[in-house]
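Subject: Structure for your review

Dear colleague,

Please find below the structure that I am handing over to you. A summary of what was found in it follows.

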Amino acid sequence: MRLSFPSGEHADVVASSGVVGIGSAEGNSVVLVRPGVQPMHARLVLDSRGMVLEVLEAGARTHVNARPVLEKALLRLGDTVNIGNVTIVLKPDRDDIIDVHVPPAQKPTGTRAGVASVVLRGVSGTHFGKTIAVGEQLVLGQGRHGLELDEPGMGERHAIIEVVDDAIHLRDLGSSGGTSVNGVPVRDAVLHPGDQLAFGRNRFVLEAPGFPARGQHRTPPASFTPAITQMMAAVDVPDPPAAIPEVEDRGSSIWWLLLAAGLIGLGIAGVIWLGGY
């Protein structure tokens, strides 16, 4: 991640992890002796989970994408942070990380895999909090041809986002100012999930499940997953022998009962006969 200063108050600062202190006092990682910057104004905390801005002094005027921050704010690439009167843009380590080599436009050929899941989520501007489906193509501009953006100086057809089988492309349509992707000014760009697109005051985060993150290749769909070629040989397992049902000899059981009853009766009769004598 790189802290870039559009007005030149400080040289760019690249940070990968740890804490970046920002303020007017010596000892900060970024010393800004400018109006509105407090001695220990704020700090950026970077780790594997992301970036967090923490305001350290009460009343320190701090904004992220023109929205005031009193204590903490989660940050992403492309955000604009205002520390007092100083503007800081969060960019990738290098501008050329954004691939601007977009292949020639393709005409839609029908439903493509993953199209329905590609959306823009508004994070600032008139579309804040809204989710806009991109579909196969989405035109952005002041006209009513797609997503309408009320931006000064923007043409009716500013840019278009196209979804192809394995990528998402941003294509400029002859705009005067281009577009910002993760804080980097571009005309055309290959987009990835999590990218932030800025059109003046209007900012959007691209959500595209299943498409590759920046620096990764797309995972082939399940229908194209190579088949497993190593298999175990089939083994025939004989069925277990059927159990032979036990047949109860009910006739024999009855005769034994009758015989036992007869013997008992004879015994009782004998006892009675002997008792008579």
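Two strands count as paired if DSSP finds at least two bridges between them. This model is a predicted one. In it, strand β14 (residues 137-141) and β15 are paired in the parallel sense, over 2 bridges. Within this pair, leucine 140 has leucine 147 of β15 as its bridge partner.

Both strands belong to an open sheet of 5 strands, in the order β15-β14-β16-β17-β20, whose pairing is mixed. Because β15 (147-148) and β20 (189-191) stand at the edges with a single partner strand each, one side of each has no neighbour in the sheet.

A second open sheet contains 6 strands, ordered β13-β12-β22-β21-β18-β19, and its pairing is antiparallel. Here the edge strands are β13 (131-133) and β19, each of which pairs on one side only. On average, neighbouring strands of this sheet are turned by 30° against each other, direction ignored. Inside the sheet, β21 and β22 pair in the antiparallel sense through 4 bridges, and alanine 198 stands opposite arginine 203 of β22.

Another set of strands occurs earlier in the sequence numbering. Strand β5 (residues 42-47) runs antiparallel to strand β6 (residues 50-55), and 6 bridges join them. The connection between β5 and β6 is a hairpin through 2 residues. Leucine 44 has leucine 53 in β6 as its bridge partner. In addition, β6 pairs with strand β9 (residues 72-75) in the antiparallel sense over 4 bridges, where valine 52 is partnered by leucine 74 of β9.

I now turn to the nonpolar cores. In soluble globular proteins, nonpolar side chains tend to be buried together. Which residues have the most contacts inside the largest nonpolar core? They are Leu120, Ile161, Ile168 and Leu191, in a core of 27 residues. The elements giving two or more residues to this core are β14, β16 (159-163), β17 (168-172), β19 (184-186), β20, β21 (196-199) and β22 (202-207). Of these, β16 gives the most, with 3 residues.

Leucine 120 deserves a separate look. Not counting residues up to four places away in sequence, leucine 120 touches several residues, including Leu138, Leu140, Leu147, Ile161 and Phe204. Apart from the largest core lies another, of 26 residues, among them Met1, Val30, Val37 and Leu90.

Yours faithfully,
A colleague

Definitions and conventions:
Residues are numbered from 1 along each chain as its sequence is written. This is a predicted model: local features need pLDDT of at least 70, side-chain atom pairs count only at pLDDT 80 or more; totals for chains, interfaces and linings use all residues. Side-chain values use heavy atoms; hydrogens and water are left out. A nonpolar core is a set of buried Ala, Val, Leu, Ile, Met, Phe, Trp, Tyr and Cys residues joined through side-chain atoms within 4.5 Å. Buried means under 20% relative accessible area, exposed over 50%, partly exposed in between (1.4 Å probe, protein chains only). Contact means heavy atoms within 4.5 Å. Axes are lines fitted to C-alpha atoms, for helices over the stretch in contact, and angles run from 0 to 180 degrees between N-to-C directions.
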